[in-house]
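Biologist: Before any discussion begins, please place the sequence and the model side by side. The questions will then proceed from the ligand to the fold.

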Amino acid sequence: MSTGYSNTADVILLDIEGTTTPVDYVFGVLFPFARDYVADFLTTHQQDAQVQTDLQWLRQEYETDLAQGLSVPDWQETEVTGAVRYIHHLIAIDRKSTGLKSLQGKIWDQGYRDGTLRSQMFADVKPAFERWTTAGKRLFIFSSGSVQAQQLLFRHSEVGDLTVFISGYFDTQTGSKKEAESYRKIADAIGIAPEKILFISDVTAELKAAQVAGMQTLFSIRLGNHSSDSEGFAAIHNFDNV
Ligand SMILES: CSCCC(=O)C(=O)COP(=O)(O)O
Ligand SMILES: [Mg+2]
């Protein structure tokens with residue numbers, strides 16, 4: 001029996017990759033773009049204060065990996081090429097790392113602004129955003145991508161600027177998507193009971209955490225997703241009946 005959804009939500013909280021946007025766009029376009037441009041970007045921007053913060057986060061993550069005995073590429077203390085090697089490694093293993101995601105957002109910024117990047121949305125996304133907004137529901141995003149990356153993605157989509165429909169954005173600076181506490185913090189920040197929030201994602205571990213926090217949940221099955229096993233969660237193939 002499927003669980004988690006009774007369609008009584010006032011707020012809809014959406015994941016991005018595998019829910020609003022094809023996995024193929026993230027893995028086939030965004031990640032290679034960041035991979036290809038990170039060396040140039042760091043060479044030009046490594047002294048910027050926010051880039052320095054990202055590099056410090058990445059360095060801490062690197063030290064933790066080393067302490068845990070994980071296999072990581074060599075990174076001498078201040079070397080850009082070492083940082084680039086580690087960043088390439090994190091992209092290759094799809095680590096949902098706050099430092100990596102923050103840096104990726106900054107790299108994608110230029111690509112979106114000059115028109116090289118245009119984000120892809122599933123065909124039912126914009127009509128659903130319009131329908132939910134008309135029905136008085138508020139829409140929020142919770143993605144591993146940084147808030148900056150989320151805003152860029154919805155502003156520069158192939159179907160136009162969708163940020164007008166979105167009331168707020170949350171990333172892993174709120175907490176891991178697999179921890180119930182993150183969903184409690186999001187409900188607090190929105191100022192609504194978790195039971196009034198419907199969270200939609202393609203990752204059941206995220207739905208389990210949201211459910212523990214009291215949210216309603218739906219599993220997203222989209223073409224190209226990593227898994228279509230809903231593990232008992234109510235599932236959808238698009239937003240048409242949500
Ligand atoms: C904000 S677009 C890039 C998304 C991203 O970097 C990612 O890892 C996708 O994670 P999600 O939590 O949206 O599945
Ligand atoms: Mg996802």
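Biologist: How many residues surround ligand 1?

Modeller: The model is a predicted one. Within it, the closest residues to ligand 1 are Ile-16, Glu-17, Ser-143, Ser-144 and Gly-145. The shell as a whole divides into five nonpolar, five polar and five charged residues. The number of residues that surround ligand 1 is 15.

Biologist: Which helix gives the largest share of the shell around ligand 1?

Modeller: At least two residues of the shell come from each of helix 1 (23-45) and helix 6 (147-155). The largest share amounts to three residues. The helix that supplies this share is helix 6.

Biologist: Where does ligand 1 lie with respect to the domains?

Modeller: The domain assignment divides the chain into domain 1 (11-21 + 119-236) and domain 2 (27-113). Both domains give residues to the shell around ligand 1. Ligand 1 therefore lies between domain 1 and domain 2.

Biologist: How far apart do the C-alpha centres of domain 1 and domain 2 lie, and which classes of residue make up the side of domain 1 that touches domain 2?

Modeller: The C-alpha centres of the two domains lie 25 Å apart. The contact takes 10 residues from domain 1 and 10 residues from domain 2. By class, the side of domain 1 that touches domain 2 has two nonpolar, seven polar and one charged residues.

Biologist: Which residues does Gln-148 touch, leaving aside those up to four places away in sequence?

Modeller: Gln-148 is found in helix 6. With 18 other C-beta atoms within 10 Å, Gln-148 is partly exposed, because a residue needs 20 or more to count as buried. Its C-alpha atom is separated by 14 Å from that of Thr-174, 26 residues apart along the chain. The residues that Gln-148 touches are Gly-105, Lys-106 and Asp-109.

Biologist: In what order do the strands of the open sheet stand?

Modeller: The sheet is formed by six strands, and their pairing is parallel. Strand 3 (168-170) and strand 6 each have a single partner strand, so one side of each is left without a neighbour in the sheet. These two strands therefore stand at the edges. The order is 3-2-1-4-5-6.

Biologist: Which residue of strand 2 stands opposite Ile-12?

Modeller: Strands of a sheet pair through backbone hydrogen bonds, either parallel or antiparallel. Strand 1 and strand 2 (residues 138-142) run parallel and are joined by four bridges. In strand 2, the residue opposite Ile-12 is Leu-139.

Biologist: Which residues of strand 4 stand opposite Leu-14 and Thr-217?

Modeller: Strand 1 (residues 11-14) pairs with strand 4 in the parallel sense over four bridges. Four bridges also join strand 4 to strand 5, again running parallel. Opposite Leu-14 stands Ile-200, and opposite Thr-217 in strand 5 stands Phe-199.

Biologist: How many residues of strand 4 are buried, and which of them point the other way from Ile-197, Phe-199 and Ser-201?

Modeller: Strand 4 (residues 197-201) is mostly covered, with five of its five residues buried. Ile-197, Phe-199 and Ser-201 point one way from the strand. The residues that point the other way, likewise buried, are Leu-198 and Ile-200.

Biologist: What is the handedness of the β-α-β unit that includes strand 4?

Modeller: The unit consists of strand 4, helix 8 (residues 204-212) and strand 5. Strand 4 and strand 5 run parallel. The β-α-β unit is right-handed.

Biologist: Is Phe-41 buried or exposed?

Modeller: Phe-41 has its place in helix 1. The C-alpha atoms of Phe-41 and Ala-234, 193 residues apart along the chain, are separated by 42 Å. Because 21 C-beta neighbours lie inside 10 Å, Phe-41 counts as buried.

Biologist: What are the phi values of Asp-94 and Glu-231, neither of which is a glycine?

Modeller: Asp-94 has its place in the loop between helix 3 (80-92) and helix 4 (98-113), and its 14 C-beta neighbours inside 10 Å make it partly exposed. Glu-231 is in the loop between strand 5 (216-220) and strand 6 (235-236), and with 13 such neighbours Glu-231 also counts as partly exposed. Phi is positive in each case: about 55 degrees for Asp-94 and about 50 degrees for Glu-231.

Note on methods:
Residues are numbered from 1 along each chain as its sequence is written. Chains are lettered from A and ligands numbered from 1 in the order in which they are written. This is a predicted model: local features need pLDDT of at least 70, side-chain atom pairs count only at pLDDT 80 or more; totals for chains, interfaces and linings use all residues. A residue is buried if 20 or more other C-beta atoms lie within 10 Å of its own, exposed if 12 or fewer, and partly exposed in between; C-beta atoms are placed from the backbone. A residue is near a molecule or strand if its C-beta atom, placed from the backbone, lies within 6 Å of it. Ala, Val, Leu, Ile, Met, Phe, Trp, Tyr, Cys and Pro count as nonpolar, Asp, Glu, Lys and Arg as charged, and the others, Gly among them, as polar. Domain bounds come from an automatic or database domain assignment. Two strands pair if DSSP finds at least two bridges between them. A crossover is right-handed if, with the strands pointing away from the viewer, the path from the first strand over the helix to the second runs clockwise. Two residues are in contact if their C-beta atoms, placed from the backbone, lie within 7 Å.
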